[in-house]
Structure formats: structure tokens, C-alpha cells
Amino acid sequence: VPCPQTSCNKSILFKKIDSHISESHKGTLEKGSSPYSRKPNLTQDNMNKENNDWVIKQVKNEKGDIFYLQFLKRSGFFYYWITVKADPAKASSFEVTLEIDNPDSGMKMMYKGPAHPI
């Protein structure tokens with residue numbers, strides 16, 4: 001499976017996701033519990049970059065399922081999604097909501113649907 005850290009570009013064994021992140025990406029994983037709200041650090045420096053990878057966020061729900069909140073910028077476009085450490089059938093049983101808003105402009109985008117499997 002692909003590493004959840006978007007800048008890594010490595011394929012790893014599913015059962016080794018946690019050890020790979022802890023060994024290869026020290027300091028790039030933040031942990032939280034659900035429900036979770038995150039505000040990525042959108043500094044002027046980050047906004048001026050064509051490409052950027054933010055720290056991945058690992059969220060664990062009350063049943064122990066692990067989700068990865070991923071946020072990146074490629075060629076000036078922002079992407080945000082949630083993957084779950086599960087197979088496609090189980091991933092489709094989770095409903096996630098992603099909201100991005102700009103209070104200055106009043107613009108808001110929302111995605112509501114299944115999580116993506118790793």
C-alpha cells in the first residue's frame with residue numbers, strides 16, 4: 001500500500017504502516033481522537049509554494065479504527081482527503097465529512113461520503 005505520508009512515495013506492507021511511519025517519518029505524525037477538527041497551517045510561505053505536504057494526522061475512533069487526514073498542494077491546487085487503515089469494504093462503511101472554508105470570502109466547500117482505503 002502507499003505510505004500515508006504523501007511526500008514519501010513508497011509502497012509498504014499494510015501490516016507495517018505504523019512501524020514505517022514511526023521509523024521513517026519521525027515528527028511528521030500528529031495523533032488525535034474522533035470526532036476531530038483540523039486547521040492546517042496556511043502561512044503566507046505555504047500559500048506561495050507550488051507544492052507542499054502538511055504533517056499527516058492520525059485519528060483513532062472509539063472502536064480503534066485508524067484514519068489518516070491528508071492535506072497537500074500540487075501545482076498550486078490543494079487536495080484534502082481521509083484514508084482509513086482498512087480494506088475497501090470496511091472503508092466504504094465509514095462516512096466522513098470534510099469542510100474547507102474561507103471566512104474572509106464566505107466561500108465554503110464540503111465533501112460528505114466514504115473514507116478511502118489505504
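This report walks through a predicted model, from its overall layout to its ring pairs, a buried threonine, one helix and its cysteines.

## Overall layout

The protein has 118 residues, and 34% of them count as buried. It contains 3 helices and 8 strands. Read from the N terminus, the order of elements is α-β-α-β-β-β-β-α-β-β-β.

The accessible surface is about 7,700 Å². Carbon and sulfur atoms account for 52% of that surface. Contacts can also be sorted by separation along the chain. Among those between residues at least 6 apart in sequence, 44% join residues at least 24 apart.

## Aromatic pairs

A pair of aromatic rings is described by two things: the distance of the centres and the angle of the planes. This model has 3 aromatic pairs. One of them joins Phe 67 and Phe 94. Their ring centres are 5.0 Å apart, and their planes meet at 85°. An angle over 60 degrees counts as edge-to-face, so this pair is edge-to-face.

The Phe 67 and Phe 94 pair links distant parts of the chain, with the two positions 27 residues apart in numbering. Phe 67 belongs to strand β4, residues 66-74. Phe 94 sits in the loop between α3 (88-91) and β6 (95-102). Both rings belong to buried residues: Phe 67 has a relative accessibility of 9%, and Phe 94 has 16%.

## A ring cluster

Phe 71 and Phe 78 also form an aromatic pair. Here the centres are 5.7 Å apart and the planes differ by 15°, and the pair is stacked. Phe 71 is buried, at 7% relative accessible area. Phe 78 is partly exposed, at 35%.

These two residues belong to a cluster. Ring pairs link Phe 71, Phe 78 and Tyr 80.

## A buried threonine

Thr 6 lies in the segment before α1 (17-24). Its relative accessible area is 15%, which means that Thr 6 is buried. The side chain of Thr 6 makes a polar contact of 2.2 Å with the side chain of Asp 53.

Thr 6 has other neighbours too. Leaving out residues up to four places away in sequence, Thr 6 touches Asp 53, Gln 70, Leu 72, Arg 74 and Trp 81.

## One face of helix α1

Helix α1 has three names on its buried list: Ile 17, His 20 and Ile 21. Seen down the helix axis, these buried residues fall within an arc of 95°, so they line one face of α1.

The spacing fits a general rule. An α-helix has 3.6 residues a turn, so residues three or four places apart point the same way.

## Cysteines without a disulfide

A disulfide is a covalent bond between the sulfur atoms of two cysteines. The whole structure has 0 disulfides. Why is Cys 3 not bonded to Cys 8? The Cys 8 sulfur is the closest cysteine sulfur to that of Cys 3, but the distance is 3.8 Å, too far for a bond. The cut-off for a disulfide is 2.5 Å between the sulfur atoms.

From the other side, Cys 8 is in no disulfide, and its nearest cysteine sulfur is that of Cys 3. Both cysteines are buried: Cys 3 has a relative accessibility of 8%, and Cys 8 has 16%.

Terms used. Residues are numbered from 1 along each chain as its sequence is written. This is a predicted model: local features need pLDDT of at least 70, side-chain atom pairs count only at pLDDT 80 or more; totals for chains, interfaces and linings use all residues. Side-chain values use heavy atoms; hydrogens and water are left out. Rings of Phe, Tyr and Trp (its six-membered ring) pair if their centres lie within 6.5 Å; planes under 30 degrees apart count as stacked, over 60 as edge-to-face and the rest as tilted. Helices (H or I, at least four residues) and strands (E, at least two) are DSSP runs, numbered from the N terminus. Buried means under 20% relative accessible area, exposed over 50%, partly exposed in between (1.4 Å probe, protein chains only). A polar contact is a pair of N or O atoms within 3.5 Å; within protein, one must be able to donate a hydrogen and the other to accept it, and residues adjacent in sequence count only if both atoms are side-chain atoms. Contact means heavy atoms within 4.5 Å. The arc is that of the directions from the helix axis to the C-beta atoms. Accessible areas come from the Shrake-Rupley method with a 1.4 Å probe; for residues, only the protein chains shown count as cover.
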